[in-house]
Amino acid sequence: MSARIQPLSELNQQVTDTLVREVGVVDTIRFLNQYRTGHGDYTTEREALFQGMTTKDIINDIKAHRKDKEGK
């Protein structure tokens with residue numbers, strides 16, 4: 001027994017058609033938008049953003065931000 005492996009374009013169309021039929025166009029779009037490819041280079045951005053900071057520094061900044069937000 002052998003399985004037919006369909007091209008990704010066919011699989012994508014079949015899955016999209018199934019989603020539209022089962023949950024509607026709007027919810028299909030909402031669902032698929034979760035899986036869009038982002039842009040930029042997060043690793044480089046993260047290194048620049050947290051340059052020279054320790055994990056403890058980051059945690060303290062988060063706690064301070066939360067405290068500020070609660071006080072407002």
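Let's begin with Leu8, a residue of helix α1, which covers residues 8-23. The model you are looking at is predicted, and this report walks through its helices, a buried threonine, its salt bridges and a few distances.

## Helix α1 and its surface

Is Leu8 buried or exposed? With a relative accessible area of 61%, Leu8 is exposed, because the cut-off for that class is over 50%. Leu8 also has company: together with Leu11 and Val15 it makes up a nonpolar patch on the surface. The accessible area of Leu8, Leu11 and Val15 together is about 260 Å².

How far does α1 reach from its first C-alpha to its last? The helix has 16 residues and reaches 22 Å, close to the 22 Å expected at 1.5 Å a residue. Just after α1 comes Gly24, with a positive phi of about 95 degrees.

## A buried threonine in helix α2

Moving along the chain, we meet helix α2, made of residues 25-33, and Thr28 is found in it. Thr28 has a relative accessibility of 3%, and it counts as buried because that value is under 20%.

Which residues is Thr28 in contact with, leaving aside its neighbours within four places in sequence? They are Thr16, Leu19, Val20 and Val23. With Val20 there is a further detail to look for: the side chain of Thr28 reaches the backbone nitrogen of Val20 at 3.2 Å.

Another threonine, Thr18, lies in helix α1. Thr18 has a relative accessible area of 32% and is partly exposed, whereas Thr28 is buried. Along the chain, Thr18 and Thr28 are 10 residues apart, and their C-alpha atoms are separated by 9.4 Å.

## Salt bridges

Side chains of opposite charge can pair when their charged atoms come close. How many salt bridges does this model have? The count comes to 3, and the table sets them out.

| Salt bridge | N to O distance |
|---|---|
| Glu10 and Arg4 | 3.0 Å |
| Arg21 and Glu22 | 3.7 Å |
| Arg30 and Asp27 | 3.0 Å |

How open are the partners to the surroundings? In the pair of Glu10 and Arg4, Glu10 is partly exposed at 35% relative accessibility, while Arg4 is exposed at 63%. For the pair of Arg21 and Glu22, Arg21 counts as exposed at 58%, and Glu22 is exposed with a relative accessible area of 58%.

The pair of Arg30 and Asp27 sits within one helix: both residues lie in α2, 3 residues apart, which is about one turn of the helix. An α-helix has 3.6 residues a turn, so residues three or four places apart point the same way. Arg30 is exposed, with a relative accessible area of 58%, and Asp27 is partly exposed at 34%.

## Helices α3 and α4

Helix α3 runs over residues 42-49. At its start, a side-chain oxygen of Asp41 comes to within 3.2 Å of the backbone nitrogen of Thr43. How many of the 8 residues of α3 are buried? The number is 0, so α3 lies largely in the open.

Helix α4 takes in residues 55-71. At 1.5 Å a residue, its 17 residues should span 24 Å, and the end C-alpha atoms are 24 Å apart, so the span agrees with expectation. What of burial in α4? Of its 17 residues, the number buried is 0, so α4 also lies largely in the open.

## Distances across the chain

Two pairs of residues help to give a sense of scale. Ala3 is found in the segment before α1, and at 70% relative accessibility Ala3 counts as exposed. How far apart in space are Ala3 and Ala48? From C-alpha to C-alpha the separation is 48 Å, with their positions 45 residues apart in sequence.

The other pair begins with His39, found in the loop between α2 and α3. His39 is exposed, with a relative accessible area of 77%. Arg66 is 27 residues from His39 along the chain, and the C-alpha atoms of these two residues are separated by 28 Å.

How values were computed: Residues are numbered from 1 along each chain as its sequence is written. This is a predicted model: local features need pLDDT of at least 70, side-chain atom pairs count only at pLDDT 80 or more; totals for chains, interfaces and linings use all residues. Side-chain values use heavy atoms; hydrogens and water are left out. Patches are made of residues with over 30% relative accessible area and no salt bridge: like charges are joined within 9 Å, nonpolar side chains (Val, Leu, Ile, Met, Phe, Trp, Tyr) within 5 Å. Accessible areas come from the Shrake-Rupley method with a 1.4 Å probe; for residues, only the protein chains shown count as cover. A salt bridge is a side-chain nitrogen of Lys or Arg within 4 Å of a carboxyl oxygen of Asp or Glu. Helices (H or I, at least four residues) and strands (E, at least two) are DSSP runs, numbered from the N terminus. Buried means under 20% relative accessible area, exposed over 50%, partly exposed in between (1.4 Å probe, protein chains only). A polar contact is a pair of N or O atoms within 3.5 Å; within protein, one must be able to donate a hydrogen and the other to accept it, and residues adjacent in sequence count only if both atoms are side-chain atoms. Contact means heavy atoms within 4.5 Å. The expected span of a helix is 1.5 Å times one less than its number of residues.
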